[in-house]
Amino acid sequence: MTLILAIESSCDETAVAIINENHELLANVVSSQIDTHRLYGGVVPEIASRLHVENIGVVLEQAIEQAKLDLHDLDAIAVTKGPGLVGSLHVGLQAAKTLALAYRKPLIGVHHIAGHIYANNLVDRMEYPCMALVVSGGHTELVYMDRPMHFEVIGTTYDDAIGEAFDKVARVAGLPYPGGPAIDRLAQKGEHRYDLPRPLHDKTYNFSFSGLKSAVINLAHNTRQRGETLVMEHLARSFEDVAIGVLVDKTIQASLDYKVKQIVVAGGVAANSYLRESMQKAVESTCPDIRLSIPPLWCCTDNAAMIASAALEMYQLKQFSDLSLSCKPMIDLEG
């Protein structure tokens with residue numbers, strides 16, 4: 001029975017998971033720093049790396065106890081190699097390399113976005129060719145995959161990622177960090193009352209959210225100048241309608257053009273209720289023969305289970321790293 005331990009520390013979660021060859025999670029421990037970073041309105045890299053140092057040993061010990069295994073039982077050690085905050089990545093990488101060296105286990109360096117995509121394998125085995133919509137605080141991409149661990153980025157954002165746009169709109173609305181969940185909750189109470197521009201409404205697979213973000217900021221500014229009140233519930237709904245609408249429309253079009261068998265949604269913004277609902281309705285009405293996979297809420301945000309899932313594919317393909325592996329904060333998914 002193949003057993004892989006994975007470490008994720010790319011941003012503000014310290015996480016360790018253990019998976020077997022049947023994609024069964026034997027352990028999944030996550031220590032979040034969100035309450036600390038909320039005080040500053042966003043992630044502070046120096047604080048994040050320091051907390052990873054404090055947490056990594058505890059989280060690792062908890063995962064081993066949860067799985068009821070010994071480190072000698074493992075077949076490989078996996079770790080996020082990038083992208084992410086260099087200080088945070090470094091903590092996880094050093095822990096993984098130490099374990100691999102001490103216990104003489106192969107090392108597997110996993111791309112963070114590949115992990116998000118393969119989180120879907122934990123609940124619904126991926127079928128190829130497939131189209132992945134990657135949506136997070138730092139990424140908005142359409143990724144075509146014709147076989148396991150082979151990524152072709154066919155569309156990306158020219159400016160802000162969708163998660164970043166959510167955070168900035170949330171600040172305009174006076175909502176707390178992180179902005180995505182706050183906007184999503186507020187939008188459920190509102191209606192589409194504000195006319196916002198549809199960004200990059202063309203036939204490409206690329207995205208742009210800077211103009212939409214600016215339109216929201218200008219709307220708020222002009223409303224205040226007129227002495228009027230901006231209804232935040234309606235603003236949140238109007239923003240989500242436009243932003244999510246573009247994501248869904250371009251994903252459906254790309255999936256039809258590339259004749260895929262499955263669409264997978266990945267990343268932190270995959271937890272957005274309106275995106276999940278809209279994508280489901282669009283697939284059912286437009287391309288019912290294409291399977292849709294959206295990971296459960298627990299594995300949308302950063303965790304080591306998704307890194308373990310991707311590492312299992314890499315283990316089977318014998319895609320190993322040596323101990324010279326270094327942090328790659330800006331690594332390309334296609335590289």
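Biologist: Where does S309 lie?

Modeller: In this predicted model, S309 sits in helix 10, which covers residues 304-316.

Biologist: And why does S309 count as buried?

Modeller: Buried means under 20% relative accessible area. S309 has 0% relative accessibility, so it counts as buried.

Biologist: What does S309 touch, leaving out residues up to four places away in sequence?

Modeller: I19, H23, Y118, N121 and L122. Those count as contacts because they have heavy atoms within 4.5 Å of S309. L39 makes a useful contrast: S309 and L39 are 270 residues apart along the chain, and their C-alpha atoms are separated by 33 Å.

Biologist: H23 was one of those partners. Where is the place of H23, and is H23 buried or exposed?

Modeller: H23 is in the loop between strand 2 (13-20) and strand 3 (25-32). Its relative accessible area is 8%, which is under the 20% limit, so H23 is buried despite being in a loop.

Biologist: What makes the phi of H23 worth a remark?

Modeller: Its sign. Most residues other than glycine have a negative phi. H23 isn't a glycine, and its phi is near 65°, a positive value. L200 is another such case, with phi near 45°.

Biologist: Where is L200 found, and why is L200 called partly exposed?

Modeller: L200 is in the loop between helix 6 and helix 7. Its relative accessible area is 26%, and partly exposed runs between the 20% and 50% limits, so the label fits.

Biologist: Back to helix 10, then. What about Y315, which lies in helix 10 too?

Modeller: Y315 comes out at 22% relative accessible area, over the 20% limit for buried but not over 50%, so Y315 is partly exposed. Setting aside neighbours within four places in sequence, Y315 is in contact with T2, I4, D75, A76, I108 and F320. Take I4 from that list: Y315 and I4 are 311 residues apart along the chain, yet their C-alpha atoms are separated by 8.8 Å.

Biologist: What about S31, and what does S31 touch?

Modeller: S31 is in strand 3. Not counting residues up to four places away, S31 touches D12, E13, T14, N55 and V59. Its C-alpha atom is 9.9 Å from that of S9, which is 22 residues away along the chain.

Biologist: Which peptide bonds are cis here?

Modeller: Among them, the bond joining Y128 and P129, with omega about -5°, and the bond from Y177 to P178, with omega near -5°. Most peptide bonds are trans. P129 is in the loop between helix 4 (112-118) and strand 6, while P178 is in the loop between helix 5 and helix 6.

Biologist: What makes a group of residues a nonpolar core, and how many residues are in the largest nonpolar core?

Modeller: A nonpolar core is a set of buried nonpolar residues joined through side-chain atoms within 4.5 Å. The largest one here has 49 residues, and L133, F239, L275 and M279 touch the most other members. Strands 6, 7 and 9 and helices 5, 6, 7, 8 and 9 each supply at least two of its residues. Helix 8 gives the most, with eleven. There's also a second, separate core of 37 residues, including A6, I113, A305 and L312.

Biologist: Which residues is F239 in contact with, leaving aside its neighbours within four places in sequence?

Modeller: A165, F166, V169, I183, L196, L212 and V216. In general, nonpolar side chains tend to be buried together in soluble globular proteins.

Biologist: How do you know how the radius of gyration of the chain compares with that of a compact globule?

Modeller: For 335 residues, the globule rule puts it near 20 Å, and the chain has 20 Å, so the two agree. Taken along the principal axes, the C-alpha atoms fill a box of roughly 65 × 45 × 30 Å.

Biologist: What else can you say about the whole chain?

Modeller: It has ten helices and ten strands. Buried residues make up 56% of the 335. Of the contacts with a separation of 6 or more, 74% join residues 24 or more positions apart. There are 28 positive and 40 negative side chains, and the centres of the two sets lie 2 Å apart.

Technical notes:
Residues are numbered from 1 along each chain as its sequence is written. This is a predicted model: local features need pLDDT of at least 70, side-chain atom pairs count only at pLDDT 80 or more; totals for chains, interfaces and linings use all residues. Side-chain values use heavy atoms; hydrogens and water are left out. Helices (H or I, at least four residues) and strands (E, at least two) are DSSP runs, numbered from the N terminus. The radius of gyration is taken over C-alpha atoms; the globule rule is 2.2 Å times the number of residues to the power 0.38. Buried means under 20% relative accessible area, exposed over 50%, partly exposed in between (1.4 Å probe, protein chains only). Lys and Arg count as positive and Asp and Glu as negative; His and the chain ends are not counted. The place of a charge is taken as NZ of Lys, CZ of Arg, CG of Asp or CD of Glu.
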